[in-house]
Amino acid sequence: MTPPAQGERLTIEVDMVDLMRVRGGNPLRGEITVRGAKNFVAKAMVAALLGETPSVLRNVPLIRDVDVVAGLLRLHGVAVDYDDAGGVLQFDSSNVEIAHVRDIDAHAGSSRIPILFCGPLLHRLGEAFIPDLGGCHIGDRPIDYHLRILRDFGAVVDKQERGIHITAPRGLTGTKIELPYPSVGATEQTLLTAVRAAGKTQLKNAAIEPEIMDLIAVLQKMGAVISVDTDRVIRIEGVDRLTGYVHTSLPDRIEAASWASAALATSGDIYVRGAQQPDMMTYLNTFRKVGGVFEIDDEGIRFLHPGGELNSIVIETDVHPGFMTDWQQPLVVALTQARGLSIVHETVYENRFGFTEALNGMGAQIQVYRECLGQLECRFGQRNFYHSAAISGPTKLTAAEIVVPDLRGGFSHLIAALAAEGTSLVRGIEQINRGYEHFMRKLAALGADVEMV
Ligand code: EPZ
């Protein structure tokens, strides 16, 4: 492995477009490939920091989170080499070193992943500086669980103007943690810190998403001792040393579902190579109830609109194995084409319906409510969050000028523009680029009439 020169950014070419003209009204038809899961690969990259020998991560997508994390790893002395064609990342963390705050600061606001560097850097260096975080504006996105967890392990957290300086004067010791909510990030924070802490750690009310289970698989390959009980309790026994790993990422079930919803919304037919049924069971049930048809083979899943009317339904998002919050935004666009009144109760994020305003401007009829429209216990009831939506349809969508609000909302706007009659202008495409690799090429492969402006 020949790591690029020190300080050279990993040059990942991405479709750097910001304004796109979209001529709508044509069904999306054809085949696309999804590679590794955005919400796993970045965490597996951070885990490589803990390995005292080289690691290899396969099926890595060409997305901005990979670039951001690769840049941060390299700042800390990790050699990172990325082969886009093969989707293979190689790391050598044999000599991790302190990075300069001003260099780390350059990555501030770019992603939520940097907060997960805390545990590994404390184990390797005894201290860390973490820049202020970024990520989608779909709620407050606090990190209180993360900071409480790090303090429970014995870290000293010093909030500074542009980030967090963290040390572990007495080292890190295993502890008992119970999460107020099964947070994915807080579970990852615990895993990445506990594996090298002295003694045992118990994590109650943990997240158990497939991406979490894949991270546990990576850590086990590195030498960690981790068990997951039926009652969402994860137990970790700290070890003295971790080696590198070789691992192939699970596919991106969020991207696969995004294209499936695009097929429904545009009366299309899309084969998603790489999609796997086990991680998408709940989505597939919903897709079928709305009236979509899917065909599963060993290499992927075909999603199609069989013609005729779509059915309105009630959806409540939840943690795994419930209906994933990241699946709801693209599906809402398809529900604008379903006959009757559909209800979506978003119980994971308090503010994830901002994207519906632009859809209403295109002719959709979506009303958002502060009430919990569903049975699930929810943290947002009787507070001032519009976290339930009613979608009445079918409604004819017409072209508009759209500004992308966030990653999944932006993809939903794109689907709406593709489903609408007329020519739309979609601004802020770069945000979609963060989580959907080569999506301009994928749109072209599906016959979408789009062009950079
Ligand atoms: C991860 O975000 C994903 N992002 C999100 O995907 C995904 O929607 C989310 O998990 C839930 O599955 C990545 O993995 C990079 P959480 P994360 O901690 O870890 C509250 C996408 O589009 N909370 O599970 O940040 C939080 O406010 C993105 O790909 C606290 O209150 O999510 C939320 O209400 C969007 N304090 C709930 O927990 C904390 O310290 C779930 O958040 C942390 C979280």
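Let me start with the ligand's polar contacts, where a polar contact is a pair of N or O atoms within 3.5 Å: an oxygen atom of the ligand is 2.8 Å from a polar backbone atom of glycine 185, an oxygen atom of the ligand is 2.7 Å from a polar backbone atom of valine 348, and a polar side-chain atom of tyrosine 349 lies 3.2 Å from an oxygen atom of the ligand. On its own the ligand has 830 Å² of accessible area, of which the protein covers 93%, the areas coming from the Shrake-Rupley method with a 1.4 Å probe.

Please keep in mind that this is a predicted model, in which local features need pLDDT of at least 70 and side-chain atom pairs count only at pLDDT 80 or more, while totals for chains, interfaces and linings use all residues. Residues are numbered from 1 along each chain as its sequence is written, and side-chain values use heavy atoms, with hydrogens and water left out.

Turning to the shell, there are 23 residues around the ligand, and Lys43, Asp144, Ser183, Val184 and Val348 come nearest, a residue being near if one of its heavy atoms lies within 4 Å. By class, the shell has nine nonpolar, five polar and nine charged residues, with Asp, Glu, Lys and Arg counted as charged, Ala, Val, Leu, Ile, Met, Phe, Trp, Tyr, Cys and Pro as nonpolar, and the others, Gly among them, as polar. Domain 1 (19–34 + 251–452) and domain 2 (38–248) each give at least three residues to this shell, with bounds from an automatic or database domain assignment. At least two shell residues come from each of helix H1 (38–48), helix H5 (144–152), helix H6 (184–194) and helix H10 (325–335), where helices are DSSP runs (H or I, at least four residues) and strands likewise (E, at least two), numbered from the N terminus.

Finally, some backbone details. Histidine 320 and proline 321 are joined by a cis peptide bond with omega about 5°, and proline 321 is found in the loop between strand S18 (314–316) and H10. The bond from glycine 393 to proline 394 is also cis, with omega near 0°.

How values were computed
A polar contact is a pair of N or O atoms within 3.5 Å; within protein, one must be able to donate a hydrogen and the other to accept it, and residues adjacent in sequence count only if both atoms are side-chain atoms.
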